[in-house]
Amino acid sequence: GKAVYEMRIPWNKLLKEGQVPKSGEELRFSYLINDNDGSGRRGWIEYTSGIGQSKNNRLFTAIKIVD
């Protein structure tokens, strides 16, 4: 009764050019998946708020870098 999704995103897609992740550092993060088959967005699911309904990075969650 439970689904687990995993994803891998390269650091160069999340960080600014030249930035390197450091253990203990916190990043603000949100992730959204659109439901759009070409005729406009019907809906979405997101991990934390801040993208779908409004663009507000204050609603992102903090994720801590661990090694």
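Q: What share of contacts in the chain between residues at least 6 apart in sequence join residues at least 24 apart?
A: The share is 37%. A contact here means heavy atoms within 4.5 Å.
The model is predicted: local features need pLDDT of at least 70, side-chain atom pairs count only at pLDDT 80 or more, and totals for chains, interfaces and linings use all residues. Residues are numbered from 1 along each chain as its sequence is written, and side-chain values use heavy atoms, with hydrogens and water left out.

Q: What makes up the secondary structure of the chain?
A: One helix and four strands. Both are DSSP runs numbered from the N terminus: H or I over at least four residues for a helix, E over at least two for a strand. Along the sequence the pattern reads α-β-β-β-β.

Q: Why is the chain, at 67 residues, called spread out or compact?
A: Its radius of gyration is 14 Å, well over the 11 Å from the globule rule, so the chain is more spread out than a compact globule. The radius is taken over C-alpha atoms, and the rule is 2.2 Å times the number of residues to the power 0.38. Along the principal axes, the C-alpha atoms fill a box of roughly 40 × 30 × 20 Å.

Q: How much of the chain is buried?
A: Buried residues make up 13% of the 67. The cut-offs for relative accessible area are under 20% for buried and over 50% for exposed, with partly exposed in between (1.4 Å probe, protein chains only). The accessible surface of the chain is about 6,200 Å², and carbon and sulfur atoms hold 48% of that surface. Areas come from the Shrake-Rupley method with a 1.4 Å probe; for residues, only the protein chains shown count as cover.

Q: Why is Ser30 called buried or exposed?
A: Ser30 has a relative accessible area of 11%. That falls under the 20% limit, so Ser30 is buried. Ser30 sits in the loop between β1 (26-29) and β2.

Q: What is in contact with Ser30, leaving aside neighbours within four places in sequence?
A: Glu46, Tyr47, Thr48, Ser49, Ile51 and Phe60. A polar atom of the Ser30 side chain lies 3.2 Å from the backbone oxygen of Tyr47. The backbone oxygen of Ser49 lies 3.4 Å from a polar atom of that side chain.

Q: What makes Thr48 notable in its phi?
A: Thr48 is not a glycine, yet its phi is positive, about 70°. Thr48 lies in the loop between β3 and β4 (61-64). Its relative accessible area is 23%, so Thr48 is partly exposed.

Q: How do you know whether Trp44 is buried, exposed or partly exposed?
A: Trp44 has 34% relative accessibility. That value is between the two cut-offs, so Trp44 counts as partly exposed. Trp44 belongs to strand β3 (residues 43-47).

Q: With which side chain does the side chain of Trp44 make a polar contact?
A: With that of Glu46, at 3.3 Å. The limit is 3.5 Å between N or O atoms; within protein, one must be able to donate a hydrogen and the other to accept it, and residues adjacent in sequence count only if both atoms are side-chain atoms. Beyond four places in sequence, Trp44 is in contact with Leu32, Ile33, Asn34, Asp35, Gly52 and Gln53.

Q: Which residues form a nonpolar patch on the surface?
A: Met7, Tyr31, Ile33, Ile45 and Tyr47, with about 520 Å² of accessible area together. β2 (31-35) and β3 each give two or more residues to this patch. Members need over 30% relative accessible area and no salt bridge, and nonpolar side chains (Val, Leu, Ile, Met, Phe, Trp, Tyr) are joined within 5 Å. A salt bridge puts a side-chain nitrogen of Lys or Arg within 4 Å of a carboxyl oxygen of Asp or Glu.

Q: Why is Ile45 called buried or exposed?
A: Its relative accessible area is 59%, over the 50% cut-off, so Ile45 is exposed. Ile45 lies in strand β3.

Notes: Patches are made of residues with over 30% relative accessible area and no salt bridge: like charges are joined within 9 Å, nonpolar side chains (Val, Leu, Ile, Met, Phe, Trp, Tyr) within 5 Å.
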